[in-house]
Amino acid sequence: MEVAEIRELIDAGKTAIGIEFGSTRIKAVMVDLAGKPIAQGSHGWENQFENGVWTYSLDMIWKGLQDAYSDLAADVKKQYDTVIKTTGAIGFSAMMHGYMAFDSSDKLLVPFRTWRNTITEEAAKELTGEFNFNIPQRWSIAHLHQAILKGEDHVGDIAFFTTLAGYIHWQLSGEKVLGVGDASGMFPIDSTTRNYNEKYLDIYDGILAKKGIAWKIRDILPKVKVAGEAAGTLTAEGAAKLDVSGNLQAGIPMCPPEGDAGTGMVATNSVAVRTGNVSAGTSIFAMVVMEHALSKVHEEIDVVTTPVGDDVAMVHCNNCTSDINAWANIFKEYSQMMGIEVDTDKLYTTLFKAALDGAPDCGGLVGFNYFSGEPVTGFDEGRPVFARKVNADFSFANFMRLHLYSAVSTLKVGLDILLKEEDVKVDKLFGHGGFFKTREVGQRIMSAATGGPITVMETAGEGGAWGMAVLALYLMKTGGNVTEGVSLSDYLKDDIFAGEEGTTVTASDEEVSGFNEYMKTFTSALELERAAIEAV
């Protein structure tokens, strides 16, 4: 498409915008009606560890959103010499879970507690027992219940609580709603009703009554919406808050806000039954859309949903690429001290490619990438640890392979339960996120861990913001009515991903066997990680 044609589309509002709050970057993407990205913007940020809690301040949230949108607008101006005044639909997504609680005056009662916090063990364990349904520590209901168990002063004043995506959507539209996928990380969803599980709502209201809490859980949760449903429009106040230049007009339709799990499913065309995806960035999680319910409760496995409410088994790990990034920075600093300026993209490509030359079992090296706790392996805190056997083959290739293995080892613990013990079937497993950016490398490592092929779509690099933009396009397709018309899975298959097969990589038998050998060392070395937490 020519520049003039794209300019006409932008001016006519025949586009969609998706904005996603990731752990380290807020990304904004504008797409045409076929889903092709035509402009983007971003803003880098980092969570803060304050008073024992991982958080982002409200100032950081709004400055980041405005900066990412301004960067998108600047890209549109630079490429097409026009300004964004409207768009066909807009959607917001963010890292799931966490805790944002507000009083009746819409005041945030305590600083935002992100998914990364592992401070709700008591609450998560109690709720899992009450519901006979796994409630992980990072879930919003676990954070709420932990605050109740601790007797925190703010609990009696709660009038509403939500996720980060739900908060942004509410502030820009006035609607206290949440996409079903993101809602499924707040409170369990019944996939038959596409809404909160009534049985568990009743159980929790009983718990609240016994503790003398005046409000009911139904009163403070956001309303659930499925993909394709109308979820309000951008208000004049919201437009001014989003676009500080004042160019953006009110009245733009907004699709249900989603979590990064849901946008990852959309971005990899894995919302249909027996498809799955692995999202690997700051955190790592694998999701498989299930044909049937799990046979029993597993603390290592969450049950969430797709953006249309189908059950998804999720293995979520808090840590993935942060330790790789830390080591990459060390190598960059060393190079600069040697008088060599290194391009960051080239640095990562070189490091990742070196890993393929390492021994399949890492040659006697072992490590833990735990910057924070990992409930899958039973840790409330983390300490990054690298160790090697005395007779290890301590080569650069093995060192890099070890760190790529470390990024996916904890995930494998949960996946083995899902794929082997529960016999969940997966026809296709897609990969996306920074771990897969270097061609073939991340796929080969992940394939060695899962024992099956890993496919990466050309669009996977666009990430969750692009997936959110596609959900905004889907709202335009349905017109807000999902009872008639095309399903989300058919829309993705026929309109967005038509003809795209992606690139598939399968690890060799030797690589799979080597990873399994490494996992024996990893498992036996868990006590090393425990000792590091106690001693350091």
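Q: Which order do the strands of the open sheet of 5 strands follow, and what pairing does this sheet have?
A: In this predicted model, the 5 strands of the open sheet follow the order 3-2-1-6-13, and the pairing is mixed.

Q: What makes strand 3 and strand 13 the edge strands of that sheet?
A: Strand 3 (37-44) and strand 13 (258-259) each pair on one side only, and they are the edge strands.

Q: How do you know that strand 6 and strand 13 count as paired, and in which sense do they run?
A: Two strands pair if there are at least two bridges between them. Strand 6 (residues 89-94) and strand 13 have 2 bridges in the parallel sense, so they meet that requirement. Within this pair, Ala94 stands opposite Gly259 of strand 13.

Q: What makes strand 16 and strand 17 a pair, and which residue stands opposite Thr305?
A: Strand 16 and strand 17 (residues 311-317) are joined in the antiparallel sense over 4 bridges, where at least two are needed for pairing. The residue opposite Thr305 is Asp311 in strand 17. The two strands form a hairpin with 5 residues between them, and in this hairpin Gly309 has a positive phi near 100°.

Q: Which way do the residues of strand 16 point, and are they buried or exposed?
A: From strand 16 (residues 302-305), Asp302 and Val304 point one way while Val303 and Thr305 point the other way, and all of them are buried.

Q: How do you know that the length of helix 13 agrees with its number of residues?
A: Helix 13 (residues 396-421) has 26 residues, and because the expected span is 1.5 Å times one less than that number, it should span 38 Å. The C-alpha atoms at its ends are 36 Å apart, which agrees with the expected span.

Q: Where is the kink in helix 13 centred, and how many of the helix's residues are buried?
A: The kink, of about 40°, is centred on Val408. Helix 13 is mostly covered, since 20 of its 26 residues are buried, that is, under 20% relative accessible area. After the helix comes Asp423, whose phi is positive, near 55°.

Q: Why is Ile340 called partly exposed?
A: A residue is buried under 20% relative accessible area and exposed over 50%, with partly exposed in between. Ile340 is at 47%, so it counts as partly exposed. Ile340 is found in the loop between helix 11 (322-337) and helix 12 (344-355), and together with Tyr334 and Met338 it forms a nonpolar patch on the surface, with about 350 Å² of accessible area for the three together.

Q: Why is Asn132 called exposed, whereas Arg194 is called partly exposed?
A: Asn132 has a relative accessible area of 59%, which is over 50%, so it is exposed. Arg194 has 30%, which lies in between 20% and 50%, so it is partly exposed. Asn132 lies in the loop between helix 3 (121-131) and helix 4 (140-149), and Arg194 lies in the loop between strand 10 (189-190) and strand 11 (195-196). Although Asn132 is not a glycine, it has a positive phi of about 55°; Arg194, also not a glycine, has a positive phi of about 60°.

Q: Why is Val536 called exposed, and where is its place in the chain?
A: The relative accessible area of Val536 is 70%, which is over 50%, so Val536 is exposed. Its place is in the segment after helix 18 (526-535). The C-alpha atoms of Val536 and Ser173 are separated by 46 Å, and the two residues are 363 residues apart along the chain.

Conventions:
Residues numbered from 1 in each chain as written. Predicted model: local features only at pLDDT ≥ 70, side-chain atom pairs only at ≥ 80, totals over all residues. Heavy atoms only, no water. Patch = residues over 30% accessible without salt bridge, like charges linked within 9 Å, V, L, I, M, F, W, Y side chains within 5 Å. Areas by Shrake-Rupley, 256 points an atom, 1.4 Å probe, with all protein chains shown as cover. Salt bridge = Lys/Arg side-chain N within 4 Å of Asp/Glu carboxyl O. Buried < 20%, exposed > 50% of the residue type's maximum accessible area, 1.4 Å probe, protein only. Bend = angle between axes of the 7 residues up to and from the residue.
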